[in-house]
Amino acid sequence: MDSWVRFSSQSQAKERLFRAAQYACTLLGYTFQKSGASPDLVAKIKQLEAHMSLGRKLFRLGNSADALEAAKRGMHLSDSVLRLCITVAHLNRAMYFACDNVLWAGKAGVVRKLDQDKWSQRSFRYYLFALIMNLSRDVYELSLLMEREPRGPKGSSACSSPVSESREAAPGSGLDPNALPQRLRAQLLLLATVLRCNPPLLLDLVKNTCDLFIPLDRLGLYRTNPGFVGACGLASSLLSILTIIYPWLKLKP
């Protein structure tokens with residue numbers, strides 16, 4: 001188990017690079033097709049995208065073990081909401097990787113007569129639920145930080161001082177017709193301040209939001225287009241690469 005975890009952690013950066021290249025091909029293929037490029041060029045880009053996807057699946061072999069280990073660690077968290085969100089997210093990631101490994105075996109010819117559409121839909125369902133739990137965790141942590149921020153002493157940090165001023169400026173009476181817009185403005189300022197002072201949470205929130213559109217499109221729950229899916233996948237891949245290069249940007253449990 002530990003050897004598989006070490007292997008998957010070492011191959012994570014390569015898998016992210018392949019993922020960025022795959023979704024860049026998706027975006028380029030859609031752009032060239034819309035601009036009237038030659039069918040041969042579009043076909044070559046789609047073929048390159050398929051090769052990148054197959055290469056990614058190879059790098060993800062054994063990632064289920066890594067996800068299960070992360071789920072075991074999440075079960076020991078003291079916060080019950082974080083414990084639920086992180087553990088369930090990692091368990092769904094483990095199932096997603098397992099389905100992905102089966103898909104790789106089918107595309108590589110190891111398993112014959114595999115219903116790839118069924119296994120692909122199954123893997124995207126697990127992926128979607130994992131992302132929903134990750135986003136729930138992000139929103140929960142954001143709400144905790146927004147609750148804690150105003151309670152700090154005024155001027156104690158760069159994060160708390162503008163928020164405190166905005167809250168003092170907001171009128172306390174609910175009868176004032178300007179009260180609601182000012183309260184909304186204060187909450188938006190508080191949200192922006194908390195996100196600005198917590199880059200790991202901001203990056204994780206943006207990355208999970210971008211990733212969410214991929215399974216939604218593939219499952220037919222929210223249809224977009226290959227260009228939008230490619231742009232979202234490329235953006236989230238670049239953010240993931242950034243957290244690998246700078247580990248302090250990765251959101252910790």
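Where is Leu242 found? Leu242 sits in helix H9, and that helix is a good place to begin a tour of this predicted model. Residue numbers run from 1 along each chain as its sequence is written. Because the model is predicted, local features need pLDDT of at least 70 and side-chain atom pairs count only at pLDDT 80 or more, while totals for chains, interfaces and linings use all residues, and side-chain values use heavy atoms, leaving out hydrogens and water.

**The overall fold**

The protein has nine helices and zero strands; both are DSSP runs numbered from the N terminus, with helices (H or I) of at least four residues and strands (E) of at least two. Along the sequence, the pattern reads α-α-α-α-α-α-α-α-α. Of the 253 residues, 40% are buried (buried means under 20% relative accessible area, exposed over 50%, partly exposed in between, with a 1.4 Å probe and protein chains only). Among contacts (heavy atoms within 4.5 Å) with a separation of 6 or more, 71% join residues 24 or more positions apart. The accessible surface comes to about 14200 Å², and 62% of that belongs to carbon and sulfur atoms; the areas come from the Shrake-Rupley method with a 1.4 Å probe, and for residues only the protein chains shown count as cover.

**Helix H9**

H9 covers residues 226-245, so 20 residues reach 28 Å from the first C-alpha to the last, close to the 28 Å expected at 1.5 Å a residue (the expected span is 1.5 Å times one less than the number of residues). At its N-terminal end, Asn225 acts as a cap, with a side-chain oxygen 3.0 Å from the backbone nitrogen of Gly227. Gly227 is itself buried, and the buried residues of H9 also include Val229, Cys232, Leu239 and Ile241.

**Three residues in context**

Here is how three residues compare by place and exposure.

| Residue | Place | Relative accessible area |
|---|---|---|
| Leu242 | helix H9 | 32%, partly exposed |
| Arg93 | helix H4 | 27%, partly exposed |
| Lys113 | loop between H4 (80-107) and H5 (116-148) | 89%, exposed |

Lys113 also has a phi near 55 degrees, a positive value in a residue other than glycine. Arg93 touches Ala67 and Ala130, not counting residues up to four places away in sequence. The C-alpha atoms of Arg93 and Ser64 are separated by 7.2 Å, although these residues are 29 apart along the chain.

Conventions: A polar contact is a pair of N or O atoms within 3.5 Å; within protein, one must be able to donate a hydrogen and the other to accept it, and residues adjacent in sequence count only if both atoms are side-chain atoms.
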